[in-house]
Amino acid sequence: MYALARPLLFTLDAELAHHLTLATLSRAPGLAGLFPCAEEDPCEVMGLQLRNRVGLAAGLDKNAACIPAWARLGFGLIEVGTVTPRPQAGNPKPRMFRLPEHQAIINRLGFNNGGLDRVLENVRQSDRGAARLGINLGKNADTPADQALADYQQGMEAAYSLADYLTVNISSPNTKGLRDLQAGDALTGLLDGLAQCRSRLADVSGRKVPVALKIAPDVTDEQVRSMADAVIRYGFDGIIATNTTIDRAAVAEHRYAQQAGGLSGAPVRDVATRVLRVLKDHVGNACALIGVGGVLEPEDAVAKLAAGADLVQIYTGLIYRGPRLVGECVDAMRAFGGSRN
Ligand SMILES: Cc1cc2nc3c(=O)[nH]c(=O)nc-3n(C[C@H](O)[C@H](O)[C@H](O)COP(=O)(O)O)c2cc1C
C-alpha cells in the first residue's frame, strides 16, 4: 500500500506531501486500518503502562490532528507538538527537503504550529485508544531567551491534565537560541522552574505527570553527562536522544547539504545511538532513555535498545518505509528483549 503511495507523494514538494497526508489521516483516520496494526509488547516506562516500545516522534503531528490514526497503527506512544504558547507560522518556505539517496530529511520548519489552545482542543477531541500521549513543549520564536521559562511553564500548566507525559524540547536547531538552553545556568534555571511548576500541578491534581528532556546530538559527551545530571537532580523522568543534527559531513556532496536546518534519518542514526550509550553509561537506571534518530529498519530499533534505550521513536523512517516499519520494530524489539531475558 505505502509502496504505491510513496512514489506519488515523492513527486510532490516534501511539505506539501506532508500536509496532504496529515489532512487525509485527520479526516479519515480509518485509512490507517489498511495497514497492519503493530502487535503488543507490554512494558512500563516512566511509570506508564505502554502497549509496546515504539513511538511516533515529535514534529510529524505538531497540531495533534491525527491521534486516532496513529493509535490505529499500534504505536505504544504518540508524541504531538512541538507546541508553542501562541500560534506561529514558522520559517519562510521552502523549508523541508528530502535526500532520498541518504534516507534523510533536512527541515527548518521552525515550530510552525497552531498554538496551545488549538493543539489541546484537538487532543481533547481525539481518541488515543491504547496509546500513551506525549505533548512536546517549546517556546515561541519571538519570546526572548531570558523569558523562555515562562513559555514552557505556560505549556506545562495548560497541557498537564491532558498528557500522559510531557517533553521539554530545547534541542531544535530552527529556533534561534533554543539550544543555548541546554547548558549552564540557562538549563538549571529552566529545569528548576519547571520542577517547581510540576510539583505544584502534581499537588493540585494528585497526579505526577512524567517529564522528559529532549536533547540534541551536536554536543560533547561531557555536555551529555551534564544534561543528564541536571535531569536527575531536578527529578525528571526521561531523556529523549536525539533531535536532528546540524552536522552535514554524512551528506556533504548532496545538492541540499547547504540548506540550513536539522538533518534527520539515516545520517543521524549513529551519532544519536552514541549519545544514548553515553547516557546509559552515566545514568544507568536513574531515568528512562528514549532513543530516536535514524530508525529506518527494525535492526536500528534493536541497536537503540542494545545501547540502553527503553523506548524508541520514529519520524523519518515513516516517510521512507511507511507505517509497516512500526510493527516490524515492535517485533524485532520484542525478540531482542526475549533473547536478553
Ligand atoms: C520535518 C521534521 C520536523 C520535526 N519537528 C520536530 C518538532 O517540532 N519537535 C521535536 O522535538 N522534534 C522534531 N523533529 C525531530 C524528530 O522528532 C526526531 O527527533 C529527529 O527527526 C530524529 O529522528 P528520525 O531520524 O527518526 O527522524 C522533527 C523532524 C523532522 C524531520
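**Notebook: backbone geometry and ligand site**

Entry 1. I began with Met-46, which is placed in the loop between β1 (43-45) and β2 (48-50). I read its phi as near 55°, a positive value in a residue other than glycine. I note here that the model is a predicted one.

Entry 2. I then looked up the cis peptide bonds. One runs from Gly-81 to Thr-82, and its omega is near 10°. I located Thr-82 in strand β4, which spans residues 77-83. Thr-82 also appears among the residues that come nearest to the ligand. A cis bond also joins Lys-93 and Pro-94, with omega about -5°. I found Pro-94 in the loop between β4 and β5 (96-99).

Entry 3. I turned to the surroundings of the ligand. Which residues come nearest to the ligand? Of the 24 residues around the ligand, I listed Ala-58, Lys-62, Thr-82, Gly-294 and Thr-316 as the nearest. Sorting the shell by class, I recorded nine nonpolar, 13 polar and two charged residues.

Entry 4. I looked up the polar contacts made by oxygen atoms of the ligand. For Thr-316, an N or O atom of the side chain is 2.6 Å from a ligand oxygen. For Asn-169, the side chain again supplies the N or O atom, at 3.1 Å from an oxygen of the ligand. For Gly-293, a backbone N or O atom lies 3.4 Å from a ligand oxygen. I then checked how far the ligand is covered: on its own it has 600 Å² of accessible area, and the protein covers 98% of this.

Entry 5. Where does the ligand sit? I found the ligand in the largest cavity.

Entry 6. I compared the site with the database record. Under "binding site", the unreviewed UniProt entry lists Lys-62, Asn-107, Arg-108, Leu-109, Gly-110, Phe-111, Asn-169, Asn-174, Asn-243 and Thr-244. From this set, the lining of the largest cavity takes in Lys-62, Asn-107, Leu-109, Gly-110, Phe-111, Asn-169, Asn-174, Asn-243 and Thr-244. I looked up Arg-108 separately and placed it in the loop between β6 (104-107) and α4 (115-125).

Entry 7. I cross-checked two residues of the UniProt list. Lys-62 is named in that record, and Lys-62 is also one of the residues nearest to the ligand. Asn-169 is named there as well, and its side chain has the 3.1 Å contact with a ligand oxygen.

Note on methods: Residues are numbered from 1 along each chain as its sequence is written. This is a predicted model: local features need pLDDT of at least 70, side-chain atom pairs count only at pLDDT 80 or more; totals for chains, interfaces and linings use all residues. Side-chain values use heavy atoms; hydrogens and water are left out. A residue is near a molecule or strand if one of its heavy atoms lies within 4 Å of it. A polar contact is a pair of N or O atoms within 3.5 Å; within protein, one must be able to donate a hydrogen and the other to accept it, and residues adjacent in sequence count only if both atoms are side-chain atoms. Accessible areas come from the Shrake-Rupley method with a 1.4 Å probe; for residues, only the protein chains shown count as cover. On a 1 Å grid over the protein atoms alone, a cavity is a set of points where a 1.4 Å probe fits but cannot get out, and a pocket is an open set with protein on both sides within 12 Å along at least five of seven lines; lining residues have an atom within 4 Å of a point. A molecule sits in a cavity or pocket if more than half of its atoms lie within 2 Å of its grid points. Ala, Val, Leu, Ile, Met, Phe, Trp, Tyr, Cys and Pro count as nonpolar, Asp, Glu, Lys and Arg as charged, and the others, Gly among them, as polar. UniProt positions are given in the numbering used here, feature names are shortened, and annotations may be inferred rather than shown by experiment. Helices (H or I, at least four residues) and strands (E, at least two) are DSSP runs, numbered from the N terminus.
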